[in-house]
Amino acid sequence: MADLRARPRVTRRVTLECAGNGRALLEPRPVSQPWLVEAVGTAEWTGTPLAPLLRAAGVGEGAVDVVFTGADHGIERGVEQDYQRALPVAEALRDEPLLAYEMNGAPLLPQHGAPLRLIVPGWYGMAHVKWLRRITIVDRPFDGFQNAVAYRLRQRPDEPGVPVTRIEPRALVRPPGFPDFMSRVRVLRPGPVILDGRAWSGHAPVERVEVTTDGATWAEAALDPVGGGATWGGAAPGPAEGGARRGGDALDPAGDDFAWRRWTFAWTATPGRHTLGARATDASGRTQPDRPPWNRGGFANNLVQRVEVAVTEAD
Ligand SMILES: Nc1nc2c(c(=O)[nH]1)N[C@H]1C(S)=C(S)[C@@H](COP(=O)(O)O)O[C@H]1N2
Ligand SMILES: [Mo]
């Protein structure tokens with residue numbers, strides 16, 4: 001660890017989303033962690049870039065995959081294993097991946113992978129191997145469980161499927177008002193309200209967020225400038241307050257490229273029931289579907305979110 005800390009140090013704000021986020025909204029429902037839309041967050045990660053370390057170790061001509069091994073060991077679907085995930089060598093040698101030992105300006109916590117974890121900006125959570133113990137460059141495609149069996153998009157059990165890689169675009173609405181305990185419907189008063197939320201994609205920067213307040217027609221939302229301190233949830237500081245960052249280090253020049261962005265939309269709430277939603281489109285043209293993209297593992301379901309609200313009569 002002392003050698004790693006002595007290497008160049010960078011800080012990047014990265015949105016990390018579990019590939020299973022949205023799984024519990026699928027029908028039939030795949031049996032695994034029943035995430036709705038909550039399995040996502042953004043943090044500032046500080047560590048040392050991976051690529052220079054790999055180059056220093058020597059990447060041979062025939063290098064194909066880079067395998068990251070965590071310290072956790074268990075059984076999944078009958079297979080005893082260490083948690084291991086491989087990245088294609090070209091991905092591992094990009095500028096973005098880092099070996100992180102700090103999170104939000106504090107030492108990395110045990111539950112987030114202390115003492116050292118891999119951060120692969122833009123990729124779904126399974127790639128960000130925690131509790132790193134070993135990094136191995138291999139000269140053939142890695143066939144470990146988490147790459148070859150678990151994280152694949154399949155319609156049928158007997159097909160090889162497509163590997164799960166980068167995060168599909170998604171926008172979330174910060175539920176306005178306050179909740180009704182049992183139904184979870186959000187209750188708010190009539191009148192003008194600023195709706196807001198977050199939008200992200202692991203493929204390319206988010207270019208556009210559209211909002212619906214009737215569940216059917218769409219209008220353009222405003223995107224906050226990149227950065228701006230919208231990392232820790234709650235009431236995000238507006239652009240005027242600028243970077244209300246808590247971390248110790250300045251962000252890297254490209255340190256915001258894979259972090260979510262805040263969006264806002266001015267709405268006048270009228271009495272009655274409304275269905276709110278937001279839809280992100282990124283610079284690669286990818287956007288969010290209205291029908292859930294079903295697969296056996298329940299991965300990458302970036303279905304447009306629906307938030308039911310009940311606006312009260314004027315007081
Ligand atoms: N060693 C190890 N790393 C791991 C995992 C794991 O089970 N073991 N789970 C992965 C998955 S599926 C996700 S979504 C993220 C979650 O990161 P967090 O616990 O910091 O939120 O860790 C990833 N890294
Ligand atoms: Mo995950």
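**Exercise 1. Is Phe299 buried or exposed?**

Start with the model itself, which is a predicted one. Next, take the relative accessible area of Phe299, which comes to 7%. Buried means under 20%, so Phe299 is buried.

**Exercise 2. Find the ring partner of Phe299 and classify the pair.**

Step one: look at Tyr151, whose ring centre lies 5.1 Å from that of Phe299. Step two: check the planes, which stand at 35°, so this pair counts as tilted. Step three: place both rings in the chain. Tyr151 sits in the loop between H4 and strand E9 (152-153), while Phe299 belongs to the loop between strand E19 (272-282) and strand E20 (307-311). That puts the two 148 residues apart, and the pair links distant parts of the chain. Last step: with a relative accessible area of 17%, Tyr151 is buried.

**Exercise 3. How many aromatic pairs are there in total, and what does the one with Trp200 look like?**

The count comes to two aromatic pairs. Trp200 pairs with Trp260 at 5.7 Å centre to centre, with 55° between the planes. Planes over 60 degrees apart would count as edge-to-face, and those under 30 as stacked, so this pair is tilted. Now for the location: Trp200 lies in strand E14 (residues 191-200), and Trp260 in the loop between strand E17 (222-223) and strand E18 (261-269), so the pair ties together parts 60 residues apart in sequence. Trp200 and Trp260 are both buried.

**Exercise 4. Work out the sheet that contains E14.**

Follow the strands across and you get the order E11-E14-E18-E17, an open sheet of four strands with antiparallel pairing. At the edges are strand E11 (170-173) and E17, each pairing on one side only. Zoom in on E11 and E14: four bridges join them. For a residue to check, try Val173, whose bridge partner in E14 is Gly197.

**Exercise 5. Do the same for the sheet built around E3.**

Here three strands make an open sheet, in the order E4-E3-E8, with antiparallel pairing. Strand E4 (79-88) and strand E8 (132-138) are the edge strands. From one strand to the next, the twist averages 35°.

Now take the E3 partners one at a time:

- E8: six bridges join this strand to E3 (residues 65-76). Asp65 stands opposite Val138, and Val67 stands opposite Thr136.
- E4: nine bridges hold the antiparallel pairing with E3, including one between Glu76 and Val79. E3 and E4 form a hairpin with two residues between them. Arg77 in that turn has a positive phi of about 45°.

**Exercise 6. Where does the largest nonpolar core lie, and why there?**

First, the membership: this core has 32 residues, and Phe68, Leu118 and Met126 have the most contacts inside it. Second, the suppliers: helix H2 (50-57), E3, helix H3 (89-92), strand E5 (98-103) and helix H4 (145-150) each contribute at least two residues. Third, the domains: domain 1 (2-163) and domain 2 (170-311) both give residues to the core, so it lies between them.

Pick Leu118 for a closer look. Leaving aside neighbours within four places in sequence, Leu118 is in contact with residues including Leu50, Phe68, Leu87, Leu99, Val129 and Leu132.

Finally, don't stop at one core. A second, separate core has 19 residues, among them Ala171, Val206, Val307 and Val309.

Technical notes:
Residues numbered from 1 in each chain as written. Chains lettered and ligands numbered in written order. Predicted model: local features only at pLDDT ≥ 70, side-chain atom pairs only at ≥ 80, totals over all residues. Heavy atoms only, no water. Pairing = 2+ DSSP bridges. Axes fitted to C-alpha atoms, helices over the stretch in contact; angles between N-to-C directions. Core = buried A, V, L, I, M, F, W, Y, C linked by side-chain atoms within 4.5 Å. Buried < 20%, exposed > 50% of the residue type's maximum accessible area, 1.4 Å probe, protein only. Domains from an automatic or database assignment. Contact = heavy atoms within 4.5 Å. Phe/Tyr/Trp six-rings, centres within 6.5 Å; stacked < 30°, edge-to-face > 60°.
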